[in-house]
Amino acid sequence: MINYTECLSLLMQDLVSRIPTLSFINPADVLVFARSGRSNAEGAFATCHCLTLPASDPGYYFWRDRSTRRITRRSEWFLTKSPAVTVGGRSIKYMISFALPRFCDQSLDRSRKERFYPGADPWIAKLDTVVHELYHIDPEMTGIRRIERGDGTYSANCHGHHFFEQVATMVHTYLESKPSAAAYDFLQDDFSSLASRFGGVVGTSFRTFPSFPQRYIERLAEQLPCEADAEGVKVETLRAANQPTRYTEDDLHVRQFTADSSKRLIRKGAFRAA
Ligand SMILES: [Zn+2]
């Protein structure tokens, strides 16, 4: 079977070594994992997740009375934090997730990126997505890349005006560098051809599948005075997060993806008695 996330990790190594704009990325800082996403359903093909964002300032939720607009209840103070993900003792800074099989079935035809690749093969859309997600990694490694507008301020949108064009330029830089076809060959097949060619498509996922490491809230150990507090304002206790906040390579497993489902792969022999 083909391990699709492994192929993507290897492709990323080749991309960052050939595209100067992405050369600051150390592939060992980036973990690739698979999520499920059907080809005929709406949704992202891939997502860049940052794990290096610092903890937020303390905050709380509050609720207002609809007619009087007065605050009637609030939560306890909390911080928002990034989970820690380590692989082989090394901290992962970014994760890029790919929706399978949706990503494999992506095509340039009638997509909004088609205009950047006149006459190109349909699978170039997938290469564009991989470069797009890598381009979200901030050179300071402290968040999702911020997009500077013409006037020197930052756009609220992480794509900005020229993002898609810049991604296409990087894709062309890569192809013009004459990479070995072995690096991107797997992108040329759609999901069903991959499945029949290799006997199945597998990818790395988290043991908590479909859940994966995400920002979580942590109750502030020392609660602060609150400007919202007045007579009658109820303070709600925060429930502890029910997702892990630390992950290691032991939390990764391999899943096999099919057109509309996925299952954890148990390696042959795993049940064999000693
Ligand atoms: Zn994006």
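Let's start with the four-stranded sheet in this predicted model. The strands run in the order β1-β10-β14-β15, the sheet is open, and the pairing is mixed. At the edges stand β1, residues 2-3, and β15, residues 262-264; each has a single partner strand, so one side of each is left without a neighbour in the sheet. Helix α5, residues 191-198, packs on this sheet and touches β1 and β10. If you look along β10, the direction of α5 makes about 105 degrees with it.

Staying with β10 for a moment: how is it joined to β14? Strand β10 covers residues 201-206, strand β14 covers residues 252-257, and the two run antiparallel with six bridges between them. If you want a pair to click on, take threonine 204, which stands opposite valine 254 in β14. Please remember threonine 204, as that residue comes back in a minute.

Now, on to the other sheet I'd like to show you. This one is open too, with three strands in the order β2-β9-β3 and mixed pairing. The edge strands here are β2, residues 30-37, and β3, residues 46-50, and each of them pairs on one side only. On average, neighbouring strands in this sheet are turned by 25 degrees against each other, if we ignore direction. Strand β9, residues 94-101, runs antiparallel to β3, and five bridges join the two. One facing pair there is cysteine 50 and tyrosine 94, with the tyrosine in β9.

My favourite residue in this part is valine 32, which sits in strand β2. Is valine 32 buried or exposed? The cut-off for buried is 20 or more other C-beta atoms within 10 Å, and valine 32 has 24, so it counts as buried. And what does valine 32 touch, once we leave out residues up to four places away in sequence? The list is Thr5, Leu8, Ser9, Ile96, Phe98 and Thr204. There is our threonine again, the one that faces valine 254. Tyrosine 94, which we just met opposite cysteine 50, is 62 residues from valine 32 in sequence, yet their C-alpha atoms are 8.7 Å apart in space.

Leu8 also takes us to the helices, as it is one of the α1 residues in the contact with α2. Helix α1 spans residues 4-18 and helix α2 spans residues 124-135; their axes come within 11 Å and cross at roughly 70 degrees. That makes α1 roughly perpendicular to α2, and the crossing is right-handed. From α1, the contact uses Leu8, Leu11, Met12, Leu15 and Val16, and from α2 it uses Val130, Val131 and Leu134. By class, that is eight nonpolar residues, with no polar and no charged ones.

Helix α2 has another partner, helix α3, residues 163-176. Here the axes are 9 Å apart and the packing angle is about 115 degrees, so α2 and α3 are also roughly perpendicular to each other. This crossing is right-handed as well. The α2 side brings Ile124, Leu127, Asp128, Val131, His132 and Tyr135, and the α3 side brings Gln166, Val167, Ala168, Met170 and Val171. What is the make-up of this contact by class? It has eight nonpolar, two polar and one charged residues. If you color Val131, you'll see it in the contact with α1 and in the contact with α3.

Last topic: some backbone details. As a reminder, most residues other than glycine have a negative phi, and most peptide bonds are trans. With that in mind, which peptide bonds here are worth a look? The bond from leucine 100 to proline 101 is cis, with omega near 0 degrees, and proline 101 lies in strand β9. The bond from phenylalanine 209 to proline 210 is cis too, with omega near 5 degrees; proline 210 is in the loop between β10 and β11.

As for phi, methionine 141 is not a glycine but has a positive value of about 60 degrees. You'll find methionine 141 in the loop between α2 and α3, partly exposed, with 15 other C-beta atoms within 10 Å. Lysine 178, also not a glycine, has a positive phi near 55 degrees. Lysine 178 is in the loop between α3 and α4, and with 8 other C-beta atoms within 10 Å it is exposed.

Thanks, everyone, and I'm happy to take questions.

Key
Residues numbered from 1 in each chain as written. Predicted model: local features only at pLDDT ≥ 70, side-chain atom pairs only at ≥ 80, totals over all residues. Pairing = 2+ DSSP bridges. Contact = placed C-beta atoms within 7 Å. Axes fitted to C-alpha atoms, helices over the stretch in contact; angles between N-to-C directions. Parallel < 35°, antiparallel > 145°, perpendicular 65-115°, else oblique. Left-handed = near helix turned anticlockwise from the far one by under 90°. Nonpolar A, V, L, I, M, F, W, Y, C, P; charged D, E, K, R; others polar. Buried ≥ 20, exposed ≤ 12 C-beta atoms within 10 Å, placed from the backbone.
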